[in-house]
Amino acid sequence: MSEIKKIKNLKEFSTSADRFEGANLLCPGCAHSIIVREVLNATNDDLILSASTGCLEVCTAVYPYTSWDASWIHIGFENGSTAVAGAESMYKALKTKGRLKQPDRNPKFVSFAGDGASYDIGFQWISGCMERGHNMMHVVLDNEVYANTGGQRSSSTPIGSSTTTAPAGRVSYGEQKNKKDMVAIMAAHGIPYSAQVAPNKWKDMVKKIQHGMEVEGPVFINAISPCTTEWKFDPKDTMHITDLATDSLVFPLYEIIDGHELNITYRPKDIVPVEEYMAAQGRFKHLFKDEYKYLIKEWQERVDAKWAYLNRREEARV
Amino acid sequence: MAKTGWDEFEIGAMLRTFDGKIDDIAGTIQENRAYSQNSSFSASVSDWRIEKPIFSKDFCIDCQFCWIYCPDISIISRDKKMIGIDMDHCKGCGICVEVCPTNPKSLLMFPEQADEEAELAKWPAKQAKEK
Ligand SMILES: Cc1ncc(C[n+]2csc(CCOP(=O)(O)OP(=O)(O)O)c2C)c(N)n1
Ligand code: SF4
Ligand code: SF4
Ligand code: SF4
Ligand SMILES: [Mg+2]
């Protein structure tokens with residue numbers, strides 16, 4: 001235990017014994033569980049986990065069932081991160097006092113939460129965890145909407161997306177505000193590691209999760225989680241949509257070390273137009289009307305500008 | 001052993017994932033774990049499916065794409081080989097079929113009532129590349 005699990009290739013990875021179980025109630029094709037599996041399977045160490053209220057929590061802890069083969073706690077919407085932080089503090093205290101029964105085990109503390117629970121309602125709690133320096137990882141399952149309660153907009157919802165509280169219709173093209181840059185905000189806490197990951201790039205994901213678990217101090221991970229129900233695409237296409245997200249650079253993959261040193265970790269060989277990413281999802285369907293096409297152009301410009309910015313950051317090493 | 005109904009547990013009772021103790025869960029494959037009736041592993045979602053995947057091993061290259069991208073832990077891979085589908089937990093999403101790279105595909109979707117043997121007997125042949 002406690003040495004980094006060797007995962008050279010996918011065949012080797014497939015010998016993992018999952019600690020997340022089926023017959024949970026997540027929708028067919030839900031990316032939340034693909035992400036959770038990749039995170040949990042990145043280590044063989046013990047796991048102390050939490051989930052904030054949201055699809056993942058609601059669907060994996062349906063009384064009298066659990067889908068988790070690990071210590072797992074749920075309290076509320078806002079405080080999954082602090083629940084894990086509390087467990088981590090207790091663990092540290094017991095270790096210092098020499099009261100751990102198996103002090104050689106090296107558990108990993110991970111909290112999972114949706115974008116609603118992270119970008120909005122649990123924001124202050126996560127910020128506290130990062131600032132206090134807990135040895136934990138917070139993973140956002142970022143489906144850019146409050147999926148569990150029927151698709152309300154969050155501060156992660158991108159411009160033009162139709163949601164139930166920002167619906168597209170005669171007077172509106174849907175969400176009017178741009179997605180909040182949560183990775184930058186978390187990195188600004190000066191934490192040792194923050195990163196964006198996507199389940200299609202499993203190797204990049206495993207590398208980042210393993211690094212995050214080894215590093216001393218708080219880690220923030222933002223994982224794109226395409227939602228078949230709210231993004232309105234066929235469940236079989238979850239990985240295709242994820243590919244379009246990473247390859248159009250709508251969701252760039254990068255890491256920030258010690259709050260400043262930025263590395264781009266994936267450069268698509270063929271960059272896909274943002275339009276293609278949007279066309280594959282019902283939540284953007286209305287933008288293809290003539291009157292709203294300028295929004296697609298603006299999206300492309302924003303994505304290009306962000307990519308140029310990330311490249312400048314990487315080059316400058318600041 | 002008869003299952004305890006969801007409303008028959010004593011209030012405040014501790015429900016455990018496993019019957020008995022497992023010291024190293026990550027080192028114990030599913031068939032060697034004694035799941036309790038309170039693990040969702042013991043439940044089934046097979047009645048969610050309208051379509052089901054069928055696996056033909058003749059063309060499979062054991063790339064494990066289906067294993068990593070199946071959201072429902074329903075691709076059974078052992079010793080680096082894909083050996084089958086867990087039909088109690090498969091929800092019929094079709095992701096495994098989409099990501100399977102072989103020609104012809106080693107996984108295909110069929111209506112839930114399709115006969116596996118019959119479908120395997122008439123599995124499509126290799127397709128010429130469209131240019
Ligand atoms: C304090 C509080 N406010 C609101 C709710 C209702 N609620 C439960 S789940 C949920 C949406 C969760 O959205 P998100 O965090 O993005 O997770 P997702 O379901 O999208 O994975 C809401 C609003 C709640 N449980 N607690
Ligand atoms: S609504 Fe979206 S996030 Fe929630 S379970 Fe369904 S696919 Fe997953
Ligand atoms: S159809 Fe979906 S749930 Fe079933 S094995 Fe394939 S990927 Fe897994
Ligand atoms: S994706 Fe296809 S080829 Fe790869 S292991 Fe699965 S069935 Fe075999
Ligand atoms: Mg969400």
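How many residues does the contact take from chain B, and how many from chain A? The contact takes 45 residues from chain B and 43 residues from chain A, where contact means heavy atoms within 4.5 Å. Before I go further, I should say that this is a predicted model, in which local features need pLDDT of at least 70 and side-chain atom pairs count only at pLDDT 80 or more, while totals for chains, interfaces and linings use all residues. Residues are numbered from 1 along each chain as its sequence is written, chains are lettered from A and ligands numbered from 1 in the order in which they are written, and side-chain values use heavy atoms, with hydrogens and water left out.

Let me stay with the interface for a moment. The size of an interface is often given as the accessible area lost when the parts come together. Here the area buried between chain B and chain A is about 3,700 Å², with carbon and sulfur atoms giving 60% of it; buried area is the accessible area (1.4 Å probe) that two parts lose on being put together, summed over both. On the chain B side, Trp67(B), Tyr69(B) and Ile73(B) supply 18% of the area that this chain buries against chain A, which is more than any other three residues.

Now to the metal site. The magnesium ion, ligand 5, has as its protein donors Asp115(A) through OD, Asn143(A) through OD1 and Val145(A) through O, at 2.0 to 2.1 Å. Donors are N, O and S atoms within 2.8 Å of the metal (3.2 Å for Na, K and Ca), and because water is not among the atoms, sites may look incomplete. Along the chain, these donors follow the spacing D-x27-N-x1-V. The pair Asp115(A) and Asn143(A) links distant parts of the chain, 28 residues apart, with Asp115(A) in helix α5 (residues 115–121) and Asn143(A) in the loop between β4 (137–142) and α7 (182–187) of chain A. Helices (H or I, at least four residues) and strands (E, at least two) are DSSP runs, numbered from the N terminus. Both Asp115(A) and Asn143(A) are buried, and buried means under 20% relative accessible area, exposed over 50%, and partly exposed in between (1.4 Å probe, protein chains only).

Asn143(A) comes up again around ligand 2, where the surrounding residues also include Cys27(A), Cys30(A), Cys55(A) and Cys227(A); a residue is near a molecule or strand if one of its heavy atoms lies within 4 Å of it. That shell divides into 6 nonpolar, 4 polar and no charged residues. For these classes, Ala, Val, Leu, Ile, Met, Phe, Trp, Tyr, Cys and Pro count as nonpolar, Asp, Glu, Lys and Arg as charged, and the others, Gly among them, as polar.

Ligand 3 is surrounded by 13 residues, the closest being Cys70(B), Cys90(B), Cys93(B), Gly94(B) and Cys96(B), and its shell divides into 8 nonpolar, 3 polar and 2 charged. Cys90(B) counts as buried because its relative accessibility is 8%. With cysteines in view, how many disulfides does a search of the whole structure find? The search finds 0 over all chains, a disulfide being a pair of cysteine sulfur atoms within 2.5 Å.

Next, the backbone. Most residues other than glycine have a negative phi, and most peptide bonds are trans. A cis peptide bond joins Tyr63(A) and Pro64(A), with omega about 0°, and Pro64(A) is found in the loop between α3 (55–60) and β2 (71–73) of chain A. In chain B, the peptide bond from Asn103(B) to Pro104(B) is cis, with omega near -5°. Lys80(B) has a positive phi, near 70°, and lies in the loop between β2 (75–78) and β3 (81–85) of chain B; Lys80(B) is partly exposed, because its relative accessible area is 37%.

I will finish inside chain A. Phe112(A) is in strand β3 (residues 108–114), and counts as buried because its relative accessibility is 1%. Not counting residues up to four places away in sequence, Phe112(A) touches residues including Val36(A), Leu56(A), Trp68(A) and Leu141(A). In helix α6 (residues 123–132), Ile126(A), Gly128(A), Cys129(A) and Met130(A) are buried, and what covers the buried residues of α6(A) includes α4 (80–96), α5, β4, α7 and β6 (219–224) of chain A.
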